[in-house]
Amino acid sequence: FENAIKKEGLTDVYLSQKGCAGRCNLEPTVEVVEEGRIPVKYGKVTREMARQIIDQHLKKGEVIKEWTIK
């Protein structure tokens, strides 16, 4: 994420690493928190999924519903 975010020039993205939040079986997880919107959590994120999360969610605002944790 860090390298891709820098490469894309997404200066309004803050990255932080967290420990297990009770759903360790779904790690690695990614949470996207946007002002004025409900946070979205993605589970079992692969390198390719991370690329798509950046392209679709961070850049276009499109949640990838089939990957979200409810």
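**Core, pockets and loops of a 70-residue chain**

I64 is a good place to enter this predicted model: apart from residues within four places of it in sequence, I64 is in contact with Y42, Q52, I53 and Q56. Two of these partners, Y42 and I53, belong with I64 to the largest nonpolar core. That core has nine residues, and its other members are V30, V32, V40, V45, M49 and A50. Three elements give two or more residues each to this core, namely β1 (30-32), β2 (40-42) and α2 (47-60). The largest share comes from α2, with three residues.

The overall fold can be described briefly. Two helices and two strands make up the secondary structure of the protein chain, and along the sequence they follow the pattern α-β-β-α. The radius of gyration is 12 Å, close to the 11 Å that the globule rule gives for 70 residues, so the chain is as compact as a globular protein of that length. Along the principal axes, the C-alpha atoms fill a box of roughly 30 × 25 × 20 Å. Of the 70 residues, 24% count as buried. Contacts between distant parts of the sequence are also well represented in the numbers: among contacts with a separation of 6 or more, 42% are between residues 24 or more positions apart.

Attention turns next to the pockets. Rolling a probe the size of a water molecule over the atoms shows where empty space is left. The largest pocket has a volume of about 1100 Å³. Its lining is made up of 29 residues, and those nearest the centre of the pocket are S16, T29, V30, E31 and V32. Two elements, α1 (2-8) and β1, give two or more residues each to this lining. The biggest contribution is that of β1, with three residues. By class, the lining of the largest pocket contains 16 nonpolar, four polar and nine charged residues. Readers following the strands will notice that V30 and V32 appear both in the nonpolar core and among the residues nearest the centre of the largest pocket.

The second largest pocket holds about 230 Å³ of space. F1, E2, N3, A4, R47, A50, R51 and I54 line this pocket, and the elements that give two or more residues to the lining are α1 and α2. Here the largest share, four residues, comes from α2. The lining divides into four nonpolar residues, one polar residue and three charged ones. A50 takes part in this lining and is also a member of the nonpolar core.

Several features of the loops deserve a closer look, beginning with the loop between α1 and β1. D12 lies in this loop and, at 70% relative accessibility, counts as exposed because the cut-off for that class is over 50%. The C-alpha atom of D12 is 9.8 Å from that of L58, although 46 residues separate the two along the chain. C24 is placed in the same loop, between α1 and β1. With a relative accessibility of 46%, C24 counts as partly exposed. The C-alpha atoms of C24 and G43 are separated by 9.6 Å, the two residues being 19 apart along the chain.

Backbone geometry adds two further details. Most residues other than glycine have a negative phi, and most peptide bonds are trans. Between E27 and P28, however, the peptide bond is cis, with omega at about -5°; P28 is located in the loop between α1 and β1. K44, in the loop between β2 and α2, has a phi near 50°, which is a positive value in a residue other than glycine.

The final stretch of the chain brings G43 back into view. I69 is found in the segment after α2, and its C-alpha atom is 6.0 Å from that of G43, with their positions 26 residues apart along the chain. Leaving out residues up to four places away in sequence, I69 touches R23, L26, T29, K41, Y42 and G43. Among these partners, T29 is one of the residues nearest the centre of the largest pocket, and Y42 is a member of the nonpolar core. Y42 is also a contact of I64, the residue with which this description began.

Terms used
Residues numbered from 1 in each chain as written. Predicted model: local features only at pLDDT ≥ 70, side-chain atom pairs only at ≥ 80, totals over all residues. Heavy atoms only, no water. Core = buried A, V, L, I, M, F, W, Y, C linked by side-chain atoms within 4.5 Å. Buried < 20%, exposed > 50% of the residue type's maximum accessible area, 1.4 Å probe, protein only. Contact = heavy atoms within 4.5 Å. 1 Å grid on protein atoms, 1.4 Å probe; cavity = no way out; pocket = protein on both sides within 12 Å on 5 of 7 lines; lining within 4 Å. Points joined across faces, edges and corners; volume = space filled by probe spheres on them. Nonpolar A, V, L, I, M, F, W, Y, C, P; charged D, E, K, R; others polar. Rg over C-alpha atoms; globule rule 2.2 N^0.38 Å.
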